[in-house]
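Trainee: I have a new structure open and no idea how to read it. Could you walk me through it, one feature at a time?

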Amino acid sequence: PKRGRFLRAYNLGLDNARAFVGYACSEGNGNWGVEMDGAAPVRNASKVGDIRPSEGPAGAVEEAVGNVMVGDALEITRERALIEQGWPREKQ
């Protein structure tokens, strides 16, 4: 993470036509700050509950995450430990 902060991308289905997409960064105290968000149209899902964002805001969020993300996604055991610790900032 840049500046020692962790980030989370999210995709929340609003209905069959729109999704709310964005990403937030940890503030090191268990709180998160939204860095970018927006509503995006969704493509037809391949199965019930499978919402897939299309181009537009979703693509812009994905690009922004790629620009700020450093390193790989966390393994589940490391993520669990960080959740228990309140997502402290990583030492630089």
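Mentor: Let's begin with surface: accessible areas come from the Shrake-Rupley method with a 1.4 Å probe, and for residues only the protein chains shown count as cover. Here the accessible surface of the protein comes to about 6300 Å², and carbon and sulfur atoms hold 50% of that surface. Keep in mind that this is a predicted model, where local features need pLDDT of at least 70, side-chain atom pairs count only at pLDDT 80 or more, and totals for chains, interfaces and linings use all residues. Residues are numbered from 1 along each chain as its sequence is written, and side-chain values use heavy atoms, with hydrogens and water left out.

Trainee: How many helices and strands does the protein have?

Mentor: Helices (H or I, at least four residues) and strands (E, at least two) are DSSP runs, numbered from the N terminus. The protein has 2 helices and 4 strands, in the order β-β-β-β-α-α from the N terminus on.

Trainee: In which sense do strands β1 and β2 pair?

Mentor: Two strands pair if DSSP finds at least two bridges between them. Strand β1 (residues 7–13) and strand β2 (residues 18–26) do so in the antiparallel sense, over 7 bridges. One bridge joins L7 to C25 in β2. With 4 residues between them, β1 and β2 form a hairpin.

Trainee: Which residues make up the largest nonpolar core?

Mentor: First, buried means under 20% relative accessible area, exposed over 50%, and partly exposed in between (1.4 Å probe, protein chains only). Of the 92 residues here, 25% count as buried. A nonpolar core is a set of buried Ala, Val, Leu, Ile, Met, Phe, Trp, Tyr and Cys residues joined through side-chain atoms within 4.5 Å. The largest one has 8 residues: A19, V21, Y23, C25, A40, V61, A64 and V65. Strand β2 and helix α1 (57–68) each supply at least two of them, and β2 gives the most, with 4 residues.

Trainee: How do I read a salt bridge?

Mentor: Side chains of opposite charge can pair when their charged atoms come close. The rule asks for a side-chain nitrogen of Lys or Arg within 4 Å of a carboxyl oxygen of Asp or Glu, and by it the count comes to 2 salt bridges. In one, R5 and E35 meet at 3.2 Å, N to O. R5 sits in the segment before β1 and E35 in strand β3, 30 residues apart.

Trainee: And where do R8 and E79 lie?

Mentor: Their side chains meet in a salt bridge at 1.8 Å, N to O. R8 lies in strand β1 and E79 in helix α2, so the pair ties together parts that are 71 residues apart in sequence. R8 is partly exposed at 35%, whereas E79 is buried at 15%. Contact means heavy atoms within 4.5 Å; leaving aside neighbours within four places in sequence, E79 is in contact with R8, L74 and W87.

Trainee: How many aromatic pairs does a search of the whole structure find?

Mentor: Rings of Phe, Tyr and Trp (its six-membered ring) pair if their centres lie within 6.5 Å; planes under 30 degrees apart count as stacked, over 60 as edge-to-face and the rest as tilted. The search finds 3 aromatic pairs. The rings of W32 and W87 have centres 5.1 Å apart and planes at 75°, so this pair is edge-to-face. F6, W32 and W87 form one aromatic cluster.

Trainee: Is W87 buried or exposed?

Mentor: W87 is buried, with a relative accessible area of 9%. Its phi is near 55°, a positive value in a residue other than glycine.
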